[in-house]
Number of protein chains: 2
Amino acid sequence: MSLRATPYNALVTAPTTQSADVCEVACVHPEAVVLAKSALPDERCATEATNFLKLLGDTTRLKILSALQTTELCVCDLASVVGISESAVSHQLRLLRTGRLVAFRKEGRVVYYRLADEHVTTLIRSALEHARE
Amino acid sequence: MSLRATPYNALVTAPTTQSADVCEVACVHPEAVVLAKSALPDERCATEATNFLKLLGDTTRLKILSALQTTELCVCDLASVVGISESAVSHQLRLLRTGRLVAFRKEGRVVYYRLADEHVTTLIRSALEHARE
DNA sequence: TTAACACATGAGAAGTTATTCAGGTATAGT
DNA sequence: ACTATACCTGAATAACTTCTCATGTGTTAA
């Protein structure tokens, strides 16, 4: 996960010149293509959404987030719960903070992290449900 | 995305020897740690869930899946809709097939892909909703 | 049979990611 | 002031991902 919002394939994707004829490239079902194309989320939303999903799509981060579903925890605690180094946790927390998936409060030298969003809980629950079936 | 189910950090993660004292490593809030630890999803579920979320966490795949929410489409169509090469689409479809996010039917030499699962639609909708707010 | 088409796949290149390690900063206690 | 603690961060490295290009497979049409 990069901290910048620029996705890998933003540079690679063909420049979609929205001319009159949508189906310039060879395609089999023009009407279906037009329909599907109009249903695509706009670029910004798609990027935001994938950045969000990317953050959930990592075992370490999913564990961190799962742990935070029960209670707020400090970095030390999280390292202990997840079973990795504090440094690794800290790096991941930075990504989660940047993506606004977690919030935190400082108390002296201890930093308590918590989930920032209901969506996180919902999505994790859905994904786990899907995984179990 | 690898096709194998072995995650990157399965080999790196410290071996959690589940001895009597859960908090062997230094940690600040033992009770919170125990609580959070018991709430962690088991390893297999966490892996499956993250594999699923990983598949959603890519702009190209999200576009493919979004397109398939409207109607079934062949590889050609998808390439046209998303704006990338057929080969790239095909590679991504393989991952989505392996992860059982899409299903397909063959008709002559054309292969029609469709979403395999309600969860996919739900999750995409949630993620986009989160992205927009 | 031959050619064209729709799709799949392997190899390789270029980019991205997650960890460790070696330092940092800020706060609390002595 | 000095030390320990809790946390953060940059650099480096190994692993992973996603594309392109070349090629292979199966099906239809001439």
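## Exercises on a predicted two-chain model

Val102(A) stands opposite Leu115(A), a residue of strand E3(A). The model is a predicted one, and the exercises below work outward from this residue pair to the sheets and then to the contact between the chains.

**Exercise 1. Determine how the strands of chain A are ordered, and which of them stand at the edges of the sheet.**

Solution. Begin with the two strands that hold the pair named above: E2(A) and E3(A) run antiparallel and are joined by 6 bridges. The hairpin that they form has 2 residues between the strands, and in it Gly108(A) takes a positive phi near 65°.

Next, turn to E1(A), which pairs with strand E3 (residues 110-115) of chain A in the antiparallel sense over 2 bridges. Within this pairing, Cys74(A) has Tyr112(A) of E3(A) as its bridge partner.

Putting the pairings together gives an open sheet of 3 strands in the order E1-E3-E2 (chain A), with antiparallel pairing. Strand E1 (73-74) and strand E2 (102-107) of chain A are at the edges and have a single partner strand each, so one side of each is left without a neighbour in the sheet.

**Exercise 2. Trace the residue pairs that connect the strands of the sheet in chain B, and state the strand order.**

Solution. Take E1(B) as the starting point: its pairing with strand E3 (residues 110-115) of chain B is antiparallel and runs over 2 bridges. Leu73(B) has Tyr113(B) of E3(B) as its bridge partner, while Cys74(B) stands opposite Tyr112(B) in E3(B).

Then consider E2(B), which pairs with E3(B) in the antiparallel sense over 6 bridges. Phe104(B) stands opposite Tyr113(B) in E3(B), and the bridge partner of Val102(B) in E3(B) is Leu115(B). Tyr113(B) thus appears both as the bridge partner of Leu73(B) and opposite Phe104(B). In the hairpin of E2(B) and E3(B), with 2 residues between the strands, Gly108(B) has a positive phi near 65°.

The strand order that follows is E1-E3-E2 (chain B), an open sheet of 3 strands with antiparallel pairing. E1 and strand E2 (102-107) of chain B stand at the edges, and because each has a single partner strand, one side of each is left without a neighbour in the sheet.

**Exercise 3. Find the rotation and shift that superpose chain B on chain A, and decide through which surface the copies meet.**

Solution. A rotation of 180°, with 0.0 Å of shift along its axis, superposes chain B on chain A with an RMSD of 0.0 Å. That is the relation of a two-fold axis.

For the surface, compare the interface residues: 98% of those of chain B are also interface residues in chain A, so the copies meet through the same surface.

**Exercise 4. Describe the extent of the interface and the make-up of the side contributed by chain B.**

Solution. Count the residues: 59 residues of chain B are in contact with 59 residues of chain A. The two chains bury about 5,400 Å² between them, 66% of it on carbon and sulfur atoms. In chain B, the residues that lose the most area to chain A are Leu53(B), Thr59(B) and His130(B), which together account for 11% of what that side buries.

Polar contacts come next, and between chain B and chain A there are 10 residue pairs of this kind, both residues being at pLDDT 80 or more. At least two residues of the side of chain B that touches chain A come from each of several elements, including helix H1 (30-39), helix H3 (59-70) and helix H6 (118-132). H2(B) gives the most to this side, with 11 residues. Sorted by class, the side of chain B that touches chain A has 31 nonpolar, 15 polar and 13 charged residues.

**Exercise 5. How many salt bridges cross the interface of chain B and chain A, and where do Glu43(A) and Lys63(B) lie?**

Solution. Over all chains the structure holds 8 salt bridges, and 2 salt bridges are found across the interface of chain B and chain A. Glu43(A) forms a salt bridge with Lys63(B), in which the closest N and O atoms are 3.3 Å apart. Glu43(A) lies in helix H2 (residues 43-56) of chain A and Lys63(B) in helix H3 of chain B, so the pair joins two chains.

Methods: Residues are numbered from 1 along each chain as its sequence is written. Chains are lettered from A and ligands numbered from 1 in the order in which they are written. This is a predicted model: local features need pLDDT of at least 70, side-chain atom pairs count only at pLDDT 80 or more; totals for chains, interfaces and linings use all residues. Side-chain values use heavy atoms; hydrogens and water are left out. Copies are superposed by least squares on the C-alpha atoms of residues with pLDDT of at least 70 in both. Contact means heavy atoms within 4.5 Å. Buried area is the accessible area (1.4 Å probe) that two parts lose on being put together, summed over both. A salt bridge is a side-chain nitrogen of Lys or Arg within 4 Å of a carboxyl oxygen of Asp or Glu. A polar contact is a pair of N or O atoms within 3.5 Å; within protein, one must be able to donate a hydrogen and the other to accept it, and residues adjacent in sequence count only if both atoms are side-chain atoms. Helices (H or I, at least four residues) and strands (E, at least two) are DSSP runs, numbered from the N terminus. Ala, Val, Leu, Ile, Met, Phe, Trp, Tyr, Cys and Pro count as nonpolar, Asp, Glu, Lys and Arg as charged, and the others, Gly among them, as polar. Two strands pair if DSSP finds at least two bridges between them.
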